[in-house]
Amino acid sequence: MFDELKRELGRLHGRQQFSVALPSDADGYYDRECPSPECLCQFKVHEDDWRDKVRNEEVFCAFCGHAASSDKWFTQEQIEHAKAAAIAQVRSRIGSAMRRDAQRWNSRQSRSGFLRITMSVKDGPRHHLIPIAAAEPMRLRITCPQCSCRYAAVGAAFFCPACGHNAADLMFHQTLAGIRATLDALPGVRAAIPDRDTVETTARLVIENGLQNAVTAFQRYAEALHEKLSAAQAKPRRNAFQNLIEGSNLWKTATGKAYEDYLSPAAMAALARLFQQRHLLAHTQGVVDQDYLTRSGDTAYRVGQRIVVRDTAVRTGLQHIESLASGMARESP
Ligand SMILES: [Zn+2]
Ligand SMILES: [Zn+2]
């Protein structure tokens, strides 16, 4: 009575290939994940551009520029989704084979008989394809100025996935505008949350994230400007431009000008303090150590205290970063 099922199982025996449609989000973007173990950052690429502009041989990570062939960019969620969808296809084929068996069995039962045995097969819920993270639209939408590939990322992305173009200039200005917009939204956030503790925690996170993103955006921009000027020289160490003094020295070697040539001593001191505070946020969760006191010259804290970053300090920092960056950009060929 299980002839159909046996036949179907025979067909399923061995290696099987299933094609599973990759769902895009509501705006037509695919989720992608960098395969480099140091990065694993997620970004999005428009489905049309993934098909038409991205080459199979080489795709670039929007954050770190890592290059790999186009079949290496599935997110963990997409891999899980593909597994579940393949299992659902197997289940549905077995299910319909069993249903055919059941129909045949039922049709052979005599209707006038004293005892009737029927079989029915019930399906489980069908696996629906829901766009991954559709609920969380990523904030920055970028169109590559070089090849017009559309991609998106949270925070800041620098490389075009299709052509690898470093859109540092565009991203630098967009990121700074984004930080200002988030700080501007803070009073509204404060008003909307009734609980005081939550308000303060949220505000602190927004301000500290703003500082960290501002320094990263400057770092990437400075790296890109520096690379254009000194392509022949040895590449500076990773994150060299996160450090104000080290970055200024590199810049001086490349152009003959140091950061002090673009900023007043007061602005330099304020920026040095903010860059050191970013370092604390990234490495000590904001707890002051002796290194910080020595390098920043900040006399407001003792070792062991937690720094407090004000939104006014971040806004002033954004202005200094902009002045510094526009001075540096003028040296660029
Ligand atoms: Zn990456
Ligand atoms: Zn491009």
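In the predicted model, helices α6 and α8 are roughly perpendicular to each other, because the angle between them, about 110 degrees, falls within the range of 65 to 115 degrees that defines this class. Helix α6 spans residues 196–229 and helix α8 spans residues 265–283, and the axes of the two helices lie 10 Å apart. The crossing of α6 and α8 is left-handed. On the α6 side, the contact is made by Glu208, Leu211, Gln212 and Val215. These residues meet Leu274, Phe275, Gln277, Arg278, Leu281 and Ala282 of α8. Classified by residue type, the contact of α6 with α8 comprises six nonpolar, two polar and two charged residues. Among the nonpolar residues are Leu211 and Val215 in α6 and Phe275 in α8, whereas Glu208 in α6 and Arg278 in α8 are the charged ones.

The model also contains an open sheet of four strands, arranged in the order β1-β2-β6-β5 with antiparallel pairing. Strands β1 (29–33) and β5 (140–143) form the edges of the sheet, each pairing on one side only. Neighbouring strands of this sheet are turned against each other by 30 degrees on average, with direction ignored.

Within the sheet order, β2 stands next to β6. Strand β2 comprises residues 42–46 and strand β6 residues 150–153, and the two pair in the antiparallel sense over two bridges. In one of these bridges, Lys44 has Ala152 of β6 as its partner.

Terms used
Residues are numbered from 1 along each chain as its sequence is written. Chains are lettered from A and ligands numbered from 1 in the order in which they are written. This is a predicted model: local features need pLDDT of at least 70, side-chain atom pairs count only at pLDDT 80 or more; totals for chains, interfaces and linings use all residues. Axes are lines fitted to C-alpha atoms, for helices over the stretch in contact, and angles run from 0 to 180 degrees between N-to-C directions. A crossing is left-handed if the near helix is turned anticlockwise from the far one by less than a right angle, and right-handed if clockwise. Two residues are in contact if their C-beta atoms, placed from the backbone, lie within 7 Å. Two strands pair if DSSP finds at least two bridges between them.
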